[in-house]
Amino acid sequence: MTPLVSIENVDMRYGGPTGTLAVSGLNLKINRGEFVAVVGPSGCGKSTLMKLTTGLHIPQSGAVIVADAKVTKPVSIVGMAFQNPTMLPWRTTLENILLPLEIVERHRHRLRANKAEYVAKAEKLLETVGLKGFGEKFPWQLSGGMQQRANLCRALIHEPELLMLDEPFGALDAFTREELWCVIRDLHAAQGVTIVLVTHDLRESVFLADKVVVMSARPGRVISEHPVPFARPRQLDLLYEQPFNDMVQKLHSEIATARVAA
Amino acid sequence: MTTLDPATPIAAAPRPVFKPNWVRLAPWLYTIGLFVLWEIGVRISGLPHTILPTPTRVFEAIIQYWSPIWKNSVQTLYTTVLGFMIAVVAGLGIGLFIGWSKAIYAGLYPIMVGFNAIPKVALVPILVIWFGIGTVPAVLTAFLISFFPIVVNVATGLATIEPETEDVLRALGAKKLDIMLKVGVPRSMPYFFGSLKVAITLAFVGSVVSETVASNSGLGNMMASAQSNFNVPLVFAGLLMLAVEGIAMYALMAWVEKRMTGWAHRSTMAN
């Protein structure tokens, strides 16, 4: 089976020929249904990796192949969620979640005629993330954690094959974060969606991912890939077990070395 | 340690007492206070009516000359609102056009600033040459002076879309037009409605300046001729009418703003 995402020897430089080299010689393969976490020192080009995969940036050299096609423009099979939920304040939460459907080609022409069907789908998603009945509220009436849940719904509503999460839980408190880890874990298990999670939190990466990818300091490239051996479904108790902590520590020292090397 | 007896009656609900809402009354009280101070000041200093009339004398003039004052007030309101409405349509259009792309923004912005720096009173003679004296130059001056803040605000709203929002939508295959319609335009609406309050006040400045210089009607013209007859109370009566019209239109715009973009005033609504 060919991987869903294949990044081959990619260089990406910002700001013209003399600009900063964000990633260099980047190689990464992501299989269908896989949950990949990307970690690394800050400024290692994790966000660049996201933008390359979604086609927001086109690399100067090398190739990004998503779903068997070379990326030359934004690929519409992805859903994205950032640390900042970026809900539109003039729309209710439900309308915010329906927004991607007004954009994506294969849905936008069906939306008006099949509104009820899509609303039902959005409400089901809201229920999955524990926001049942909050669709009519405006996003600014929700707490940070609830907004981030809604943000996940928005990223998933058009049934993307690939979900890209850029530090989605960075701004949340520890308890909310753990709750949302479980939400993501269950979504991944239930929907079989491929997920790429960019994060600074090593415990988060080990808890959630099938494979943790460590990137070097700028210019970023992949320095190692660690398959996560823990069986699914994983419970939060795992966070306090020795093998889990050993793996987190190993990753930690690896990144510390990568920072020094920079 | 003492335990609270649950049967103890809690203090009876306070008896409703009449308590004036000072915040609501404040605008009226302060306005009346200003007139009272003015009245006392003029009476003590003994200034003649031809220099500074007392408010009572000004109100007398309003009653005495009510028919021309009313006619000219309506004329000024008409030219102002017409010019303002043209400014809203043109300002919205040009603002959206300028905010559309960085290149258009960069190219047109200096021209706009330069144009705005020209004193509009200097344009009135040109407008008179083109359109003759009367209503048309007043409407156009009101329009020219009030459309700039609308343009700037709409363009600002469009130019400050969060990059993350744009990324989320672009990754879904959104075109520039999609992003503008779904995010840019609604986002710029609080800026737009906020600018209307500034614009309507400026529109009065424009129409009155033009009426003063080149018209046979309107409050500007009325005050100019009253002044040449040393009828200073009538001049002040005209000023007072302008102030009343200005406050009324400002309040209307503030109300429209609140109605249309309640989500942007969420700090007061969230609780």
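Which side chain meets that of A:R32 in a salt bridge? The partner is A:E161, with N and O 2.9 Å apart. Keep in mind as you read that this is a predicted model.

## A link across chain A

Let us stay with that pair for a moment. A:R32 and A:E161 connect distant parts of the chain, for they are 129 residues apart. A:R32 belongs to the loop between β2 (21-30) and β3 (35-39) of chain A, while A:E161 belongs to the loop between α5 (144-156) and β7 (162-166) of chain A. Both ends of the bridge are partly exposed: A:R32 has a relative accessible area of 34%, and A:E161 has one of 35%.

What lets two such side chains pair up? Side chains of opposite charge can do so when their charged atoms come close.

## More salt bridges

Over all chains, the count comes to 17 salt bridges. One of them joins the side chains of A:K121 and A:E159, at 3.4 Å from N to O. These partners are 38 residues apart, with A:K121 in helix α4 (residues 115-128) of chain A and A:E159 in the loop between α5 and β7 of chain A. A:K121 is partly exposed at 24% relative accessible area, whereas A:E159 counts as exposed at 52%.

Another salt bridge pairs A:R177 with A:D201, whose closest N and O atoms are 3.5 Å apart. Here helix α6 (residues 174-191) of chain A supplies A:R177, and the loop between β8 (194-198) and α7 (202-208) of chain A supplies A:D201, 24 residues apart. A:R177 is partly exposed at 22% relative accessibility, but A:D201 is buried at 18%. Salt bridges can also share partners, and in this way A:E34, A:K211 and A:E225 are joined into one network.

## An enclosed helix in chain A

Now find helix α1 (residues 46-54) of chain A. Is this helix largely enclosed or largely open? It is largely enclosed by the rest of the structure, because seven of its nine residues are buried. The buried residues in α1(A) are A:K46, A:T48, A:L49, A:M50, A:L52, A:T53 and A:T54. Just after α1(A) comes A:G55, which takes a positive phi of about 85°.

## Cysteines without a bond

How many disulfides does a search of the whole structure find? The search finds zero over all chains. Take A:C153 as an example: the closest cysteine sulfur to its own is that of A:C182, 16 Å away, and a disulfide needs the two sulfur atoms within 2.5 Å, so this pair is too far apart for a bond. Looking from the other end gives a matching picture, since the sulfur of A:C182 has that of A:C153 as its closest cysteine sulfur, at 16 Å.

Both of these cysteines are buried: A:C153 is at 0% relative accessibility, and A:C182 is at 15%.

## What the record says about chain B

Let us move on to chain B. An unreviewed UniProt entry gives residues 73-253 of chain B the annotation "domain: ABC transmembrane type-1". In the model, this span is 87% helix and 0% strand, and its end C-alpha atoms lie 19 Å apart.

UniProt also places the feature "transmembrane region" (unreviewed entry) on several stretches of chain B, among them residues 77-99 and 139-161. Residues 77-99 of chain B are 100% helix and 0% strand, with end C-alpha atoms 31 Å apart. Residues 139-161 of chain B are 91% helix and 0% strand, with end C-alpha atoms 34 Å apart.

## How helices pack in chain B

Two packed helices are described by the angle between their axes and the distance between the axes. Try this with helix α3 (residues 66-100) and helix α6 (residues 135-159) of chain B: they pack at about 35°, with their axes 6 Å apart. Their crossing is right-handed. The residues of this contact between α3(B) and α6(B) divide into 22 nonpolar, nine polar and no charged.

α3(B) also packs against helix α8 (residues 176-214) of chain B, at an angle of about 150° and with the axes 7 Å apart. The crossing of α3(B) and α8(B) is right-handed. In the contact of α3(B) with α8(B), 17 residues are nonpolar, six are polar and two are charged.

Key
Residues numbered from 1 in each chain as written. Chains lettered and ligands numbered in written order. Predicted model: local features only at pLDDT ≥ 70, side-chain atom pairs only at ≥ 80, totals over all residues. Heavy atoms only, no water. Buried < 20%, exposed > 50% of the residue type's maximum accessible area, 1.4 Å probe, protein only. UniProt positions renumbered as here; feature names shortened; annotations may be inferred. Helix = DSSP H or I, 4+ residues; strand = E, 2+ residues; numbered from the N terminus. Salt bridge = Lys/Arg side-chain N within 4 Å of Asp/Glu carboxyl O. Axes fitted to C-alpha atoms, helices over the stretch in contact; angles between N-to-C directions. Left-handed = near helix turned anticlockwise from the far one by under 90°. Nonpolar A, V, L, I, M, F, W, Y, C, P; charged D, E, K, R; others polar.
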